[in-house]
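Hi,

Here is the structure I said I would pass on. Have a look at it first, and then read my notes underneath.

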Amino acid sequence: MRDTAPPPAIEVVDLVFRWPRQPAPCLDLPEFRVAAGERVFLHGPSGSGKSTLLGLLGGVAVPERGRVAILGEDLARLSGRRRDRLRAEHIGFIFQQFNLLPWLSALDNVLLPTTFSARRKARAGSERPPRDEAARLLAELDLDPAHWQKPAGTLSIGQQQRVAAARALIGRPEILVADEPTSALDAERQQLFVDLLLAEAAATGAALVFVSHDRRLAAHFDRSVELDAINRAARAPGAAA
Ligand SMILES: Nc1ncnc2c1ncn2[C@@H]1O[C@H](COP(=O)(O)OP(=O)(O)OP(=O)(O)O)[C@@H](O)[C@H]1O
């Protein structure tokens, strides 16, 4: 049975990462694993390296040493182009600042991953055309259809956030990564957003790594990880307090 178990969604082993011109590493992680379908809450103080770790998982940054594997694929063995493809096909990102294209409509922003990844296009359109799936996700995330054709840049922060979430979810990527997606919301809307994301991840079986300062949200996840507790660089002499 063991050999039929899926590989971990995310596997980080003996990773060391240092920003250019920095005397000490920012991350020195003996181990960080997220199982397929597992929902993990990752927290830590500002500057502790949470966004840096997410960049390494997406293959945007490359570690000095160690293994970062996504769905069993070691990123170090892939060319830059194949890393980009792996990210586009298998990871849905929700960024702190959402990173929507402001001149494109909400609906076209949601469809973007299906233009970069044939796999996500096929999975988005397996039961209906991708545009219908984008509309379904926006409706599920409670964005009023009156806003769907508006340029994303004209929407409120809360509305943009729902567009960013729908864009991450389209085509059912196996991994969802959310970097402080609730920081602009009040407590009640934060909770609603986290519940929605957890429900969508459960429905598609996606693993979720959710980053936030707000530890009150941790109770809703399968596991909570404090980055400083697993990062040896945080305890090294001279590390930022
Ligand atoms: N492009 C960069 N070049 C050099 N140093 C950087 C760069 N980006 C981040 N750092 C440094 O790396 C450390 C970790 O930053 P990072 O943004 O990963 O922290 P964080 O935990 O996500 O913080 P926050 O919660 O405020 O978003 C910080 O000391 C930061 O100054």
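Below is what I found, going from the ligand to the cores, one helix and a few single residues.

One thing up front: this is a predicted model.

**Ligand site**

You will probably want to start with the ligand. It has 13 residues around it, and the closest are S46, G47, K50, S51 and T52. K50 also makes a polar contact: a polar side-chain atom of K50 sits 2.8 Å from an oxygen atom of the ligand. G49 uses its backbone instead, with an N or O atom 3.0 Å from a ligand oxygen. From W19, a polar side-chain atom lies 3.1 Å from an oxygen atom of the ligand. On its own the ligand would expose 640 Å², and the protein buries 59% of that.

**Cores**

The largest nonpolar core has 39 residues, and the members that touch the most others are I94, L138, V163, L197, L208 and F210. Two or more residues each come from α3 (106–116), α5 (130–140), α6 (157–169), β7 (175–179), α7 (187–204) and β8 (207–211). Of these, α6 gives the largest share, six residues. There is also a second, separate core of 31 residues, with L53, L54, L78 and V177 among them.

If you want one residue to click on in the largest core, try L208. Leaving out residues up to four places away in sequence, L208 touches E38, R39, V40, L176, L197, L198, A201 and F221.

**Helix α2**

Which residues of α2 (80–90) are buried? They are R83, L86, E89 and H90. These four are on the same side of α2 because they span an arc of only 135° around the axis. That fits the usual helix geometry: with 3.6 residues a turn, residues three or four places apart point the same way. The cover over the buried residues of α2 includes β4 (65–70), β5 (73–74), β6 (91–94), α4 (118–124) and β7.

**Two residues in one loop**

S212 is in the loop between β8 and β9 (223–226), and R215 is in the loop between β8 and β9 as well. Is each of them buried or exposed? S212 has a relative accessibility of 2%, so it counts as buried. R215 is at 53% and therefore counts as exposed.

The contacts are worth a look too. Not counting residues up to four places away in sequence, S212 touches F41, L42, H43, G44, E180, T182 and L217. The S212 side chain also reaches the backbone nitrogen of D214 at 2.9 Å. With neighbours within four places in sequence left aside, R215 is in contact with F41 and H43. If you need a distance to check your viewer against, the C-alpha atoms of R215 and G158 are 21 Å apart, with those positions 57 residues apart along the chain.

**Backbone angles to check**

Two residues have a positive phi without being glycines. D14 has a phi of about 50°; D14 lies in strand β1 (10–17) and is partly exposed, with a relative accessible area of 41%. R172 has a phi of about 45°; R172 lies in the loop between α6 and β7 and is partly exposed too, at 32%.

Cheers

Conventions:
Residues numbered from 1 in each chain as written. Predicted model: local features only at pLDDT ≥ 70, side-chain atom pairs only at ≥ 80, totals over all residues. Heavy atoms only, no water. Core = buried A, V, L, I, M, F, W, Y, C linked by side-chain atoms within 4.5 Å. Buried < 20%, exposed > 50% of the residue type's maximum accessible area, 1.4 Å probe, protein only. Contact = heavy atoms within 4.5 Å. Arc of directions from axis to C-beta. Near = heavy atom within 4 Å. Polar contact = N/O pair within 3.5 Å; in protein donor to acceptor, adjacent residues only side chain to side chain. Areas by Shrake-Rupley, 256 points an atom, 1.4 Å probe, with all protein chains shown as cover.
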